[in-house]
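Trainee: I have the model open. Can we work through a few of its contacts together?

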Protein chains: 4
Amino acid sequence: MDTTVARRPGRRRDGAKDDAILLAARELLAERGFDGMTMDAVADRAGAGKATVYRRWPSKVQLTVDAVVCGGGVPMSADEVEDTGSLRGDLLSVRFGRPATNDADVMSGLISAVKENPEVAKVFHEQFVASRVRLMRELLERAQERGELRDGIDLDMVAAVAPAMISYRKMVAGMKIDDEFVVRMIDDVILPLALSRPGAAEPLSS
Amino acid sequence: MDTTVARRPGRRRDGAKDDAILLAARELLAERGFDGMTMDAVADRAGAGKATVYRRWPSKVQLTVDAVVCGGGVPMSADEVEDTGSLRGDLLSVRFGRPATNDADVMSGLISAVKENPEVAKVFHEQFVASRVRLMRELLERAQERGELRDGIDLDMVAAVAPAMISYRKMVAGMKIDDEFVVRMIDDVILPLALSRPGAAEPLSS
Amino acid sequence: MDTTVARRPGRRRDGAKDDAILLAARELLAERGFDGMTMDAVADRAGAGKATVYRRWPSKVQLTVDAVVCGGGVPMSADEVEDTGSLRGDLLSVRFGRPATNDADVMSGLISAVKENPEVAKVFHEQFVASRVRLMRELLERAQERGELRDGIDLDMVAAVAPAMISYRKMVAGMKIDDEFVVRMIDDVILPLALSRPGAAEPLSS
Amino acid sequence: MDTTVARRPGRRRDGAKDDAILLAARELLAERGFDGMTMDAVADRAGAGKATVYRRWPSKVQLTVDAVVCGGGVPMSADEVEDTGSLRGDLLSVRFGRPATNDADVMSGLISAVKENPEVAKVFHEQFVASRVRLMRELLERAQERGELRDGIDLDMVAAVAPAMISYRKMVAGMKIDDEFVVRMIDDVILPLALSRPGAAEPLSS
DNA sequence: CGGTAAGCGAGACGGTACGTCGAGTCTTAAA
DNA sequence: TTTAAGACTCGACGTACCGTCTCGCTTACCG
């Protein structure tokens with residue numbers, strides 16, 4: 001076992017630099033978009049040399065991905081979401097897309113990066129697609145155990161609806177995601193689609 | 001007699017060049033992606049000089065937008081969609097997103113463009129968001145007149161579901177849009193959401 | 001004689017335009033140099049279209065040559081120079097380079113043009129080299145007939161000295177040609193070189 | 001201890017690149033002329049990127065000036081010219097303008113540059129005017145000490161004659177500078193002008 | 001405890017695309 | 001048929017950015 005084998009000599013990497021670089025990248029991405037986030041600017045703002053940046057990340061897109069990923073405040077599992085007793089309550093407590101203030105600003109910057117590099121696409125997909133869909137699916141399954149859902153529901157499809165509508169609104173339509181929209185989406189789309197009593201928002205509690 | 005003020009002199013722009021340039025741009029965009037779509041290459045393939053391209057479009061992103069927009073094979077109005085007698089039939093005959101061979105390849109290039117330029121965003125939004133949502137809404141209204149839809153439906157929200165799911169799948173998830181997906185989306189999401197207890201869903205609530 | 005044969009139909013060339021174009025060219029050449037004198041600017045200032053310019057002159061360099069040539073106020077022959085009775089007097093009355101105020105400004109613009117086009121070089125040579133050298137030579141011959149010159153003189157070489165020194169001073173050294181310089185050149189170079197009595201400027205009149 | 005202020009960090013410019021670029025520029029200038037000397041071509045031949053070229057020279061004309069200047073094979077001082085014992089011998093051993101293979105091809109490109117930029121003009125003047133005139137003057141002074149020169153000579157004017165005639169012949173007349181011309185210029189112009197009745201000229205005045 | 005291997009900020013490097021601009025040609029409606 | 005206006009092709013210019021490489025310095029381990 002060479003877990004600690006003869007530690008290589010030389011100066012160790014400054015762990016704080018990773019954070020500084022990621023922060024600089026996130027800020028610039030949000031401020032100026034993907035193209036505006038030049039590597040020189042990132043290094044400069046992070047107080048680092050370009051070589052330091054490239055020693056840690058092999059390319060701009062990889063850095064971008066990590067910058068975005070590291071800031072993700074979205075719950076990754078239903079365990080992190082308190083059980084409110086109803087699907088509606090659970091969804092409202094999550095309020096997709098809200099927590100990470102500029103998640104979508106940053107996400108749009110990634111879209112082009114994703115196209116170039118399949119490896120990035122994989123990471124991106126996991127971070128921005130799968131995790132959200134998975135969370136959604138877990139919440140739906142929790143509701144299903146409660147008996148809230150109608151029969152014959154396609155959980156995979158339904159779980160994708162909310163993430164799709166949110167990212168579409170922000171990235172494609174360019175509109176902001178406020179509480180009013182989220183609530184309306186939940187009440188007028190997700191719940192009618194998922195629950196067994198179409199008109200009733202809280203069917204089981206009655 | 002033309003009331004327009006005595007046409008100013010000089011050679012008129014060659015309308016055919018617009019088409020040639022847009023076509024070249026579309027082809028290159030599909031073949032090589034946004035970054036691979038060099039302005040020199042576009043001009044070259046179109047048999048034009050770069051100056052001619054830049055006389056018509058002020059920047060690469062503007063050209064890209066138009067190139068994508070002009071090739072849109074999506075029907076812009078419900079009048080262009082034959083009335084099959086049912087919402088399901090109408091939707092299947094449209095199959096959003098399918099006709100334009102590689103909308104998404106092209107669209108991803110636009111996302112960054114949208115961020116940079118509000119003017120681009122406006123055009124983009126109209127072409128890629130509003131038109132599809134509008135078409136969807138018209139089809140829903142047609143179904144409503146037939147009495148297919150359930151009461152209290154939020155047409156605006158429902159109309160946005162299909163476009164959102166399709167663009168999300170293409171751009172964010174990076175998966176392709178095949179017939180199987182479209183049919184499943186229609187049957188498992190759109191119709192359950194819109195119709196007044198269609199097919200198998202109805203018996204359950206009785 | 002077909003001086004008026006069945007006059008061709010259509011609009012006749014506007015003779016005044018030639019002058020306007022040449023004037024514009026000369027002005028721009030003097031103001032901004034050869035590169036700064038763009039054909040668009042020439043056409044614009046002359047109130048003409050570019051096609052009109054190119055119908056009359058086949059290229060920028062040709063126009064430049066003509067623009068320079070047309071303004072040339074240098075005597076082309078010794079006949080135009082009054083016989084003052086001495087070489088010194090003749091030379092002073094010519095004062096090479098002085099008449100056309102910005103001859104050399106314009107000439108320097110031509111140098112690069114000359115390199116590109118042998119045809120231009122021919123015209124240029126005739127206008128700026130041969131004519132001046134020829135004039136100089138004729139004045140020297142006139143002096144030789146008077147018996148002013150020393151024996152064994154190489155007229156061709158001596159005739160080239162003054163034009164060379166003047167253009168060198170203006171184009172290469174970038175200094176201006178004033179009376180003081182011209183007089184000094186005549187008295188300290190040309191006359192000592194040409195006359196039979198080195199120290200005496202008016203040898204024969206004594 | 002070095003009093004120089006703590007060298008600033010970063011990779012230093014590769015001095016060899018300057019030479020490579022200048023050489024490439026000189027070659028291209030000679031092969032294709034000023035217009036044919038593309039900056040891309042210079043960078044390419046020098047094995048450099050365009051940015052590297054522009055980091056060192058702010059414009060094409062500046063580079064051209066330096067390219068021409070650096071290659072000057074003309075002696076800058078009389079000390080570099082062996083004392084042959086006579087003015088004639090000294091002059092023949094210098095043979096102005098000959099060594100630099102194609103000074104004039106290169107020089108013509110500079111003329112326009114000189115007009116645009118006073119800073120360029122300054123460098124150009126020093127390199128192409130002052131140095132040659134200075135050298136000539138020193139040779140004349142050496143001759144004067146030997147007692148070769150006639151009295152009352154205007155050294156400044158005489159020193160300018162040869163440079164003027166050579167550049168005039170090359171740049172304006174477009175003729176080449178061969179030995180025959182140089183020898184003739186020396187024997188028929190410079191020496192008769194400078195010497196106190198040398199050879200054949202002396203007997204005539206006696 | 002001093003050598004040495006690595007990390008560091010700075011910035012030059014090769015490449016390559018962008019967007020501008022000039023020369024010379026061609027096309028149109030009007031004169 | 002000529003004119004003014006201006007669009008056309010071609011191709012160079014100068015700028016900016018990416019990812020790499022090279023400096024001189026600093027940091028830490030290891031013999």
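Mentor: Start with residue classes: Ala, Val, Leu, Ile, Met, Phe, Trp, Tyr, Cys and Pro count as nonpolar, Asp, Glu, Lys and Arg as charged, and the others, Gly among them, as polar. This is a predicted model, where local features need pLDDT of at least 70, side-chain atom pairs count only at pLDDT 80 or more, and totals for chains, interfaces and linings use all residues. Residues are numbered from 1 along each chain as written, with chains lettered from A and ligands numbered from 1 in written order.

Trainee: How do the residues of the surface near DNA strand E divide?
Mentor: Near means a C-beta atom, placed from the backbone, within 6 Å of the strand. There are 52 residues around DNA strand E, and Gly10(A) and Arg11(B) are among those that come nearest. They divide into 14 nonpolar, 13 polar and 25 charged.

Trainee: At what angle do helix 8 of chain C and helix 9 of chain D pack?
Mentor: Axes are lines fitted to C-alpha atoms over the stretch in contact, and angles run from 0 to 180 degrees between N-to-C directions. Helix 8 spans residues 155-172 and helix 9 residues 179-194, with their axes 10 Å apart. The angle is about 85°.

Trainee: Within what arc do the buried residues of helix 5 of chain B fall?
Mentor: Buried means 20 or more other C-beta atoms, placed from the backbone, within 10 Å of the residue's own. In helix 5, Leu87(B), Arg88(B), Asp90(B), Leu91(B) and Val94(B) are buried. They line one face of the helix, because seen down its axis they fall within an arc of 165°.

Trainee: Which residue just after helix 5 of chain B takes a positive phi?
Mentor: Look just past that helix, where phi is about 45°. The residue is Arg95(B).

Methods. Helices (H or I, at least four residues) and strands (E, at least two) are DSSP runs, numbered from the N terminus. A residue is buried if 20 or more other C-beta atoms lie within 10 Å of its own, exposed if 12 or fewer, and partly exposed in between; C-beta atoms are placed from the backbone. The arc is that of the directions from the helix axis to the C-beta atoms.
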